[in-house]
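Student: I've got a model open and I keep running into labels I don't quite trust. Can we go through a few of them together?

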Amino acid sequence: MSKSAQTNSGTAIIAGGGIGGLTAALALERRGIPSVVLEKSPQFGEIGAGIQLGPNAFHVFDALGIGETARRTAVFIEQARLMDALTGEEITHIDLGGAFRARFRNPYAVVHRGDLYVVLLQACQRSELVILRAGCDVVSYRQNESDVQVRLSSGEAVSGALLVGADGLWSAVRKQVVGDGPPRVSGHTTYRSVIPTGAMPEDLRWNAATLWAGPKCHIVHYPLSGWKLFNLVLTCQNDAPEPVAGQPVPREEVYRGFAHVHPRIRKIIEHGKDWKLWVLCDRDPVENWVDGRVALLGDAAHPMLQYMAQGACLAMEDALCLARMLEAHPRDIPGALQAYCNRRLVRTTRVQLMARAVGEHIYHPSGAHARVRNSIMSAKSSQDWYEELSWLYGEEGTM
Ligand SMILES: Cc1cc2nc3c(=O)[nH]c(=O)nc-3n(C[C@H](O)[C@H](O)[C@H](O)COP(=O)(O)OP(=O)(O)OC[C@H]3O[C@@H](n4cnc5c(N)ncnc54)[C@H](O)[C@@H]3O)c2cc1C
């Protein structure tokens with residue numbers, strides 16, 4: 001049977017072919033539900049470099065039967081380290097080795113986004129039930145009691161049984177479902193670069209996701225792609241007023257926000273090349289992301305600052321939950337979508353809010369505020385952290 005561009009009344013339309021949209025297509029496929037993924041870009045792909053994946057992401061991969069393939073793309077780091085960017089000293093660390101894996105039944109890992117994306121894309125391409133269409137810009141939808149009609153900017157209409165808005169931070173589908181205007185500009189600017197491992201100062205080539213926390217700034221680095229590369233992510237709270245995504249930026253501008261940090265870290269920054277800039281945005285949580293046969297997923301539903309390293313992990317959990325609810329309520333699509341939203345709301349909102357709080361109280365404080373942070377955080381053992389994070393890294397998100 002060849003794949004057809006026709007959709008039918010049982011087909012799910014997915015707006016957006018990012019990590020969330022492709023995972024949704026795959027999760028639906030595993031339950032025999034066909035889908036068409038409409039991606040705005042001229043081709044399917046993922047920009048950006050590294051991404052951290054908590055064990056909860058691997059619970060999703062396992063549930064979708066791609067756990068082993070996904071593990072092959074990953075570097076399994078041994079620690080998450082929090083360092084003081086002014087003194088250069090460690091504040092605390094979490095061991096992510098055997099005890100962590102035994103506790104959460106899956107590892108903590110870092111992967112190249114492109115490698116992860118290919119795992120999802122190839123699984124979709126292999127399926128007869130998933131149609132992938134690039135160059136399709138979803139503009140709006142209309143629905144009645146039996147189906148949804150999606151309008152593209154080309155004027156084409158695509159019909160299906162339901163619509164999943166997985167179209168990211170600037171979601172066109174959200175405009176209609178929630179209508180809460182543009183995202184909130186956080187005023188935090190992130191600079192990203194990837195360097196060869198040889199360019200990373202030798203004494204900092206740690207098998208760890210390392211975060212250096214300083215006044216109004218922080219720096220993250222970790223190894224990638226079988227240790228060939230190091231991912232550098234620098235963030236500066238500089239009240240940038242406009243949203244920006246992936247714009248090239250001269251290195252002098254990057255240095256400016258980090259002149260006050262320990263020389264050991266400035267050495268890392270010097271090695272960065274081809275820096276790109278993002279001005280981070282999120283949204284205030286809302287209580288509902290469903291409108292009849294239309295539901296939001298991932299960043300379209302609950303965009304967050306990256307400070308919990310969970311946006312993609314939660315988008316994939318959403319996808320699995322959505323497919324499970326549709327399987328559980330085969331004759332009641334609006335009911336299934338509402339059940340999905342109800343299940344996901346508290347967990348995703350909790351991470352959205354925590355991401356903001358972590359930025360304020362852990363990553364960017366100065367003076368006495370930073371000393372309180374150091375005192376609280378340094379008193380915790382890895383076991384304490386496992387307890388604190390068990391709601392997030394355990395199997396709750398895939399139940
Ligand atoms: C600096 C940074 C670091 C991060 N680090 C981590 C991390 O370590 N761990 C983690 O889990 N998360 C991380 N995240 C968050 C993560 O990248 C996102 O949460 C995740 O990519 C969201 O996936 P998504 O599929 O919902 O949206 P997106 O990845 O934004 O995908 C949306 C897709 O929809 C398409 N689209 C947009 N509009 C339309 C339209 N109108 N019609 C059709 N298609 C459309 C887009 O082209 C895109 O392909 C980080 C984010 C940033 C900015």
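Student: What makes the crossing of H1 and H5 left-handed or right-handed?
Tutor: This is a predicted model, by the way. A crossing counts as left-handed if the near helix is turned anticlockwise from the far one by less than a right angle. H1 passes H5 in a left-handed crossing, and their axes cross at roughly 35 degrees.

Student: Which residues meet there?
Tutor: Ile19, Leu22, Thr23, Ala25 and Leu26 of H1 meet a set in H5 that includes Leu116, Tyr117 and Cys124. By class, that contact has 10 nonpolar, 1 polar and no charged residues.

Student: Why is H1 called roughly parallel to H9?
Tutor: Check the angle: the axes of H1 and H9 come within 8 Å and cross at roughly 30 degrees. Angles under 35 degrees count as roughly parallel, so H1 is roughly parallel to H9. This crossing is right-handed.

Student: What touches what between those two?
Tutor: On H1, the contact uses Ile19, Gly20, Thr23, Ala24, Ala27 and Leu28, while H9 brings residues including Ala312, Met316 and Leu326.

Student: How do you know that Arg113 makes a polar contact with the ligand?
Tutor: The cut-off is a pair of N or O atoms within 3.5 Å. An N or O atom in the Arg113 side chain is 2.8 Å from a ligand oxygen atom, so that pair qualifies.

Student: And how far from a ligand oxygen atom is the backbone of Ala312?
Tutor: A backbone N or O atom of Ala312 lies 2.9 Å away from one. For Lys40, a backbone N or O atom is 3.1 Å from a ligand nitrogen atom.

Technical notes:
Residues numbered from 1 in each chain as written. Predicted model: local features only at pLDDT ≥ 70, side-chain atom pairs only at ≥ 80, totals over all residues. Heavy atoms only, no water. Axes fitted to C-alpha atoms, helices over the stretch in contact; angles between N-to-C directions. Helix = DSSP H or I, 4+ residues; strand = E, 2+ residues; numbered from the N terminus. Parallel < 35°, antiparallel > 145°, perpendicular 65-115°, else oblique. Contact = heavy atoms within 4.5 Å. Polar contact = N/O pair within 3.5 Å; in protein donor to acceptor, adjacent residues only side chain to side chain. Nonpolar A, V, L, I, M, F, W, Y, C, P; charged D, E, K, R; others polar.
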